[in-house]
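Subject: Structure for your review

Dear colleague,

Please find below the structure that I am handing over to you. My findings follow it, arranged by topic.

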Amino acid sequence: MGGDGGSIPRRCEMVKEKKEPEKKNKDQDMVGKWQHCALSGQVLIKPIMACRLGRLYNKEAVINHILDKSSKSHIKKLADVSELKLTDNPTFKGEIHADSYIDHYSAPFVCPIIGLEMSGKYRFIFNWACKCVMSEKATVEVPSETCHHCGGPIEKDNIIVINGSEDDIAELSERIIRLKEKAKQDKKTRKEEECQKGESVKKSSKGSKMKHKKPCSDDLTNGVSSKKPKTEANDNSSSSVKFEESASYKKLFHKNGGKKDKAHWVTYNPYYN
């Protein structure tokens, strides 16, 4: 343990201490969130999608994720994501050489209102209704009830923070649950209204049929209908039909329907004719 020409151990080599958790590199974490797909980890390429939690995805990765039934996620159909309308950054350089300076705050997209780069340094939001992306600073400096980019309506439940903090994600997840419950309730009320409309239509159709079956007031005298029942007239009509049918049948074999020809007035003899 020393003094014999050997090494002298230190306290850190003899006693195991708790290791401090590795600190995340903020720049790398920021680049991973804002320039790479949250599902596949690949570089974001248009068309770029976003969910209601504010995470960014490649459209191809989203489709593959939906087709993979074994994967468990809050994205189960294309209606759970929205395709973003992004504004390109004309000063962004896509290819970065090894000997060149890497600017982590440079981004391929910018705010269309005030020109801030969408790199993670500033908070960005998008409207779920119109899909427009802009910086939160632009909405604070120029408040409006319509979208600054397209002029569409803005609702509080449709504004989503992109790659927000843990508090933002917790608020957005609560909003998703609330919107799902609201959608179920609206669907239930629509079904009830359709059922009520169907029942009212059936009742009105039955009432109209009963009205047609009832006799008119003109045909009633002291509560008794004035219409006469079918009598011999109907029988005579039926017999006349039979007689006409027999006459037409006889014409096929006899002239004048089987009647005898009367003699001329000169040769007429009442005893024979």
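**Cysteines without a bond**

The cysteine sulfur closest to that of C130 belongs to C150 and lies 3.7 Å away, which is too far for a bond. Please keep in mind that this is a predicted model. A disulfide requires two cysteine sulfur atoms within 2.5 Å, and the separation of 3.7 Å between C130 and C150 is therefore too great. For C150, the closest cysteine sulfur is in C132, at 3.7 Å, so this pair is also too far apart for a bond. The structure as a whole contains zero disulfides.

Are C130 and C150 buried or exposed? C130 is buried, with a relative accessible area of 11%. C150, in contrast, has 42% relative accessibility and counts as partly exposed.

**The chain as a whole**

The chain has 273 residues, of which 21% count as buried. Its secondary structure consists of six helices and ten strands. The accessible surface comes to about 22,200 Å², and carbon and sulfur atoms account for 53% of this area. If one takes the contacts between residues at least 6 apart in sequence, 43% of them join residues at least 24 apart.

**Strand β6 and its partners**

In a regular strand, the side chains alternate between the two faces of the sheet. Strand β6 covers residues 124–127; F124 and F126 point one way from the strand, while I125 and N127 point the other way. Which of these four residues are buried? All of them are: F124, I125, F126 and N127.

Strand β6 pairs with strand β7 (residues 133–135), to which three bridges join it, and the two run antiparallel. The hairpin of β6 and β7 has five residues between the strands, and K131 takes a positive phi near 70° in it. Strand β6 also pairs with strand β8 (residues 159–161), again in the antiparallel sense and over three bridges.

F126 is a useful residue to follow here. Its bridge partner in β7 is V133, and its bridge partner in β8 is I160.

**Aromatic pairs**

How many aromatic pairs does a search of the whole structure find? The search finds two. A pair of aromatic rings is described by the distance of the centres and the angle of the planes.

One pair is formed by W34 and F124, with 6.3 Å from centre to centre and 70° between the planes, and it is edge-to-face. This pair links distant parts of the chain, as W34 is in helix α2 (residues 26–35) and F124 is in strand β6, 90 residues apart. W34 is buried, with a relative accessible area of 6%, and F124 is buried with a value of 0%.

Another pair is that of F126 and W128, whose ring centres are 6.2 Å apart and whose planes are at 40°, so the pair is tilted. F126 and W128 are both buried.

**Helix α3**

An α-helix has 3.6 residues a turn, so residues three or four places apart point the same way. Helix α3 spans residues 59–67, and its buried residues include A61, V62, H65 and I66. These four cover an arc of only 135° around the axis, which means that they lie on the same side of α3. E60 and L67, on the other side of α3, are exposed.

What do the buried residues of α3 pack against? They pack against three strands: β1 (48–51), β2 (56–58) and β3 (81–83).

**The loop between β4 and β5**

S106 lies in the loop between β4 (87–88) and β5 (109–110). S106 is buried, with a relative accessible area of 15%. When its neighbours within four places in sequence are left aside, S106 is in contact with Q35, F92 and E117.

T91 is also placed in the loop between β4 and β5. At 57% relative accessibility, T91 counts as exposed. T91 and A107 are 16 residues apart in sequence, and their C-alpha atoms are 8.9 Å apart in space.

When you open the structure, I suggest that you begin with F126, as it has bridge partners in both β7 and β8 and also belongs to an aromatic pair with W128.

Yours sincerely,

A colleague

Notes
Residues numbered from 1 in each chain as written. Predicted model: local features only at pLDDT ≥ 70, side-chain atom pairs only at ≥ 80, totals over all residues. Heavy atoms only, no water. Buried < 20%, exposed > 50% of the residue type's maximum accessible area, 1.4 Å probe, protein only. Pairing = 2+ DSSP bridges. Contact = heavy atoms within 4.5 Å. Areas by Shrake-Rupley, 256 points an atom, 1.4 Å probe, with all protein chains shown as cover. Arc of directions from axis to C-beta. Phe/Tyr/Trp six-rings, centres within 6.5 Å; stacked < 30°, edge-to-face > 60°.
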